[in-house]
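Here is a short tour of a structure, with a stop at its ligand and another at its cysteines. Have a look at the model first, and then read on.

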Amino acid sequence: MTDMTTHPTPNTDRLAAERERWVASSVIGRPFFVERAEGARIWDVDGREFLDFVGGIGTANHGHSNPEIIAAVKQQLDSYLHQCFSLHSYEPYIDVCRLLCACHPGDFDKKGFLANSGAEAVENAIKIARYYTKRDAIICLDNAFHGRTLMTMTLTAKVRPYKLGMGPFAPEVYRTTGPYPFRGITTDDAIDGLHRLFKNQVDPSNVAAIIYEPVQGEGGFLPMPDDYPRRVQEIAAEHGFLVIADEVQSGMGRTGTPAAVEHYGVTPDLMTWAKSMGGGFPISGVTGRAEIMDCVHKGGIGGTYGGNPVSCAAAKVAISQVLDPNFQDAAKALGARMRSRLDGVAERSSVVGEVRGLGPMLGIELVDADGRPDAPSTAAVVAAAFDKGLIIMGAGVDSNVIRVLVPLVATEADIEEGMNILEQCLQDVSS
Ligand code: PLP
């Protein structure tokens with residue numbers, strides 16, 4: 001692996017200056033410019049080699065430059081580009097909806113709708129839920145992240161950097177307790193919080209939907225406790241509101257299965273998808289019970305670029321790969337291997353409070369000697385890992401969780417090398 005501290009970086013320096021000059025400074029990012037990427041590795045414009053354990057924040061589950069996805073895209077490029085599905089239909093859009101519905105658990109008829117980004121998928125799921133139920137209120141959880149548009153930013157829990165100075169926010173959004181067992185917030189506490197919300201803030205008869213991430217991503221890689229999704233589904237059924245599972249980050253094999261909710265045996269009414277469903281291309285989707293998806297009047301949902309043919313060509317391959325049991329078995333094996341390595345690391349490190357996750361969607365929460373969130377050590381580990389050629393990223397409302405979203409095609413050598421660097425960096429901040 002390249003020694004980043006001594007390697008010359010003339011191209012990076014030039015591009016950093018150009019970026020500084022032309023790109024709005026509010027877009028974050030360190031001075032690192034990609035030239036080529038393959039599998040779980042990235043090479044930058046100065047020939048430095050990096051191991052990528054973040055995968056474009058969960059967009060690269062299939063590995064960078066997945067050859068099957070690239071072949072499908074090239075074929076589509078030679079046929080036709082954008083059409084606008086509501087004007088001129090084309091088969092790949094239908095194929096993607098069919099495949100996406102196959103990822104949505106539940107023994108009922110399903111249909112799909114395609115958009116461009118995760119936030120847009122969530123926006124549309126909320127529109128559909130409100131239309132279907134003829135109710136306004138939407139419930140979301142502590143530690144949630146659902147995007148950066150007005151509605152999804154409102155649903156998102158972290159004020160800095162996502163909401164600061166961006167209000168007023170969308171009305172009729174109610175936040176309730178999110179389970180966080182490591183900090184003592186159990187399923188019972190979260191369900192009590194929901195009942196208190198019904199008493200204090202909104203009657204359940206006004207609620208259109210509750211939205212949750214089966215594994216909260218940005219909020220700190222928090223898998224819902226085993227019984228939480230089922231209990232929420234029961235409460236929703238009792239009061240006639242819908243359940244929306246946001247699988248934008250946790251879906252597409254990230255936890256070893258096409259949908260993370262499969263681990264919980266629940267069947268959400270609506271689900272949202274994006275990130276790795278496009279295998280590197282921008283596309284997102286909503287799936288749901290057919291009668292719910294069909295409720296909106298003609299033209300009530302749509303958009304110019306949603307389900308662009310090139311993105312659909314990529315998504316067809318990406319989702320088909322995820323539905324392949326061999327892909328899922330490999331992802332589960334990867335998750336188990338990484339988990340046992342991380343558990344070992346945790347035992348030897350005084351800053352690791354908890355290793356948690358589902359399958360290969362893993363997070364490490366860092367705490368100080370008093371058990372309080374340790375954001376400075378987290379930032380130090382992320383920076384030190386980068387200097388050693390490993391790309392990792394923080395998460396969590398307290399910015400004290402390291403998230404691992406390694407491409408699921410990573411080799412044993414990739415994992416070993418990356419884990420050795422991570423362990424070293426964690427030991428360095430412990431001492
Ligand atoms: N929902 C979840 C769970 C996410 O993790 C994200 C992005 O990280 C989004 C929605 C928003 O997706 P996008 O950035 O594609 O709009």
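## Polar contacts with the ligand

In this predicted model, the side chain of Gln249 brings an N or O atom to 2.9 Å from an oxygen atom of the ligand. The backbone joins in as well: a backbone N or O atom of Gly118 lies 2.8 Å from a ligand oxygen, and for Ala119 a backbone N or O atom is likewise 2.8 Å from an oxygen atom of the ligand. On its own the ligand would expose 400 Å², and the protein buries 81% of that area.

## The surrounding shell

Where does the ligand sit? You will find it in the largest pocket. Around the ligand are Ser117, Gly118 and Ala119, then Phe145, His146 and Gly147, together with Glu213, Asp246, Val248, Gln249 and Lys275.

What is the make-up of this shell, in nonpolar, polar and charged residues? The residues divide into 3 nonpolar, 5 polar and 3 charged.

## Cysteines and disulfides

Let us turn to the cysteines. A disulfide is a covalent bond between the sulfur atoms of two cysteines. How many disulfides does the model contain? With a cut-off of 2.5 Å between cysteine sulfur atoms, the count comes to 0. Cys101 is in no disulfide, and the nearest cysteine sulfur, that of Cys97, is 6.5 Å away. As for its surroundings, Cys101 is buried, at a relative accessible area of 11%.

Why does Cys312 form no bond with the closest cysteine sulfur? That sulfur belongs to Cys97 and is 7.6 Å from the sulfur of Cys312, so the two are too far apart for a bond. Is Cys312 buried or exposed? Its relative accessibility is 0%, so Cys312 counts as buried, the cut-off for that label being under 20%.

Conventions
Residues are numbered from 1 along each chain as its sequence is written. This is a predicted model: local features need pLDDT of at least 70, side-chain atom pairs count only at pLDDT 80 or more; totals for chains, interfaces and linings use all residues. Side-chain values use heavy atoms; hydrogens and water are left out. A residue is near a molecule or strand if one of its heavy atoms lies within 4 Å of it. A polar contact is a pair of N or O atoms within 3.5 Å; within protein, one must be able to donate a hydrogen and the other to accept it, and residues adjacent in sequence count only if both atoms are side-chain atoms. Accessible areas come from the Shrake-Rupley method with a 1.4 Å probe; for residues, only the protein chains shown count as cover. On a 1 Å grid over the protein atoms alone, a cavity is a set of points where a 1.4 Å probe fits but cannot get out, and a pocket is an open set with protein on both sides within 12 Å along at least five of seven lines; lining residues have an atom within 4 Å of a point. A molecule sits in a cavity or pocket if more than half of its atoms lie within 2 Å of its grid points. Ala, Val, Leu, Ile, Met, Phe, Trp, Tyr, Cys and Pro count as nonpolar, Asp, Glu, Lys and Arg as charged, and the others, Gly among them, as polar. Buried means under 20% relative accessible area, exposed over 50%, partly exposed in between (1.4 Å probe, protein chains only).
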